[in-house]
Amino acid sequence: SSDLKGMFRRRHVPAIVSECLRCVLLAAALFLGVIPAKGWAMPALPLRCNAPAWLKNSIQGSMSAVWRELQGSRLSRQAAVEALALVGSRLFPGFKVSLVNQKFVSMEPPRRWNWRLSLQMSEGSARLPEPCSAWMKNDIERAVPPLREIVENVPPEALRWSAESFQSQIDKIIDEYIPGWRCSVRVHAEDLEALLDLKLYLRPPLLLAFSPETLSASLPQLLTDRMSDKTLEYLSPLTGLPLSWISFHLAEMERWLGEKQLQNKWLRMLRASSVNDIAVKPITKVTTHIESTTYSFRGWFSVHAGGPARLEAGLHLGRYFPLGPKIPAEAYAEIVMGLEHWHVDGRAGLRFSPWEFMWLGLEGSTEDSSPLWYRVWLGRNRPGLYGWLRYSDDDDLEAAIGYRLNRYVAFELYYDNRQDDRISLRAFSNL
C-alpha cells in the first residue's frame, strides 16, 4: 500500500489533486446515501471486489461514481486506475487495495476472520411463555444461517463505515424470520476471532388484550361460558407480544389453543372438537366453535308476550351419527315443561342435515294434539336470523321466525294455530 501511494505521488499528484479530492467527496456522499448511487454503475469499472453482495454493491456504487469522474478528467487510463485505487484505500479501511498489472483495482480482506454469532432475547425482555419460547427457538435457528452469511469474509473494520447498510441487512433478515422484533448490534473482535452479538427487542404495535367468545350448537351455554374463561386464562400470558409475530405464528397458535381447550374433561367425555378463529389486533377477538362429535346437550327457557303469558323450559339430549359421507344425523329426545301448571311433554325424533343451514326431522310427541310431527330448522348457530317449523298430520302448525342477538338471548315472532291468540312474541334464552 505504501509503494502504491509513493508511486502515485511521484507521477500524478500535481495534475489530479483537485480531481481526486472531488472524487473522494463524491464517493463519500454516494456511500452515505446523500446522492443515490443507482444508475452510476459503469460496465468498464476496473474493480474486482471480494465481498458479500450487500457490501460489494455499496462499494461498487461509490467506486463507479469515482471512475465516472476520472474518465471525464485529463488523466490517462493508468493514472485514473491508480487514482481509483488511492480513493478506495482511503474510503474502505479493512480491505487490502492493490493494482493488478496497472489495469484494474483489486479489493479483498487481508486475512480471513472466524466469525461467531449470538442471537438471543435481550435481558430487558420478559421471558416468553409456552409455547412462544419454542416458536422463538425455531425462529432463531432459521435466522442464524442467513445472518452468518452476511458477515462471511467481511473484516470487522468494514462494519464501521458500512454500519447503516449492515443494520439494514440485519433488519431485513429479522423481518423475514422473526417479524415484530428489532435487533441491536454489537461487534467484538480480537486477533482473528470476531463475535456478532445480536439482541432482540419488542417492536410495536403490541397485543394488548384478548376478547374470547365460545359458540356451540351442541353444548350447554354454561359449559361454553366456562370455556371462554379458560381460553382467556390460556391466552393471557401472550399479551404484550408483537402483533406481527403473533400473526406469523397464527396457525401454530390456533392449533395449540385447540389442544389446550380439549384437555377439559367434559369436552373429552362429550368427544368435542374445537375450531378457533383469531383476528389479530391490539384487542384480539378469539371466536371458538366447540361442537361435540357424538352428543348434544342443551337447555332453554322462554316467556311469551302478546297473548296469555306462558313460561316454558326445555331440555334437549341427542346422539349424532353419520347418515352419509357429508350428511350428519341426530337421534334426540326433548322434555318441554310448562312452568305455570307444571305440565310436561316428551318428544323423541330423528333429524338430518342435507345442508349446513338446514335440518329436517320427524318426531313423536306425548302432546294431546297430535302424536307425530314433521320438523324443519333453518339458520346457523350465530347471531342473526333463524326459523323453525313443526307440522302434524292433524294440520297442527307451530312455527317461529327469530333473531339471535348473541349466544344467550333471542327473540321470536311465534305462531301456534292451537292457541286462541295464535301470534305472540317469545323471548328465548339458552342455558
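In this predicted model, Asp 139, Arg 142, Ala 143, Pro 146, Leu 147, Ile 150 and Val 151 of helix H4 meet Phe 166, Gln 169, Ile 170, Ile 173, Ile 174 and Tyr 177 of helix H6. The residues of this contact comprise 10 nonpolar, 1 polar and 2 charged. A second helix pair, H7 with H9, is also described below, as is a closed barrel of 10 strands.

**Helices H4 and H6**

- Helix H4 covers residues 132-151 and helix H6 covers residues 163-177; their axes come within 10 Å and cross at roughly 155°.
- Because angles over 145 degrees count as roughly antiparallel, H4 is roughly antiparallel to H6.
- The crossing of H4 past H6 is right-handed.

**Helices H7 and H9**

- The axes of helix H7 (residues 221-235) and helix H9 (residues 250-261) come within 10 Å, with a crossing angle of roughly 130°.
- H7 and H9 are therefore oblique to each other.
- H7 passes H9 in a right-handed crossing.
- From H7, Met 227, Thr 231, Tyr 234 and Leu 235 meet Met 253, Trp 256, Leu 257, Lys 260 and Gln 261 of H9.
- The residues of the H7 contact with H9 divide into 6 nonpolar, 2 polar and 1 charged.

**The strand barrel**

- Ten strands form a closed barrel in the order E10-E11-E12-E13-E14-E15-E16-E17-E18-E19, and the pairing is antiparallel.
- From one strand to the next, the twist averages 25°.
- Strand E10 (residues 295-305) runs antiparallel to strand E11 (residues 311-324), and 9 bridges join the two.
- Tyr 295 stands opposite Arg 319 in E11.

Methods
Residues are numbered from 1 along each chain as its sequence is written. This is a predicted model: local features need pLDDT of at least 70, side-chain atom pairs count only at pLDDT 80 or more; totals for chains, interfaces and linings use all residues. Side-chain values use heavy atoms; hydrogens and water are left out. Axes are lines fitted to C-alpha atoms, for helices over the stretch in contact, and angles run from 0 to 180 degrees between N-to-C directions. Helices (H or I, at least four residues) and strands (E, at least two) are DSSP runs, numbered from the N terminus. Angles under 35 degrees count as roughly parallel, over 145 as roughly antiparallel, 65 to 115 as roughly perpendicular and the rest as oblique. A crossing is left-handed if the near helix is turned anticlockwise from the far one by less than a right angle, and right-handed if clockwise. Contact means heavy atoms within 4.5 Å. Ala, Val, Leu, Ile, Met, Phe, Trp, Tyr, Cys and Pro count as nonpolar, Asp, Glu, Lys and Arg as charged, and the others, Gly among them, as polar. Two strands pair if DSSP finds at least two bridges between them.
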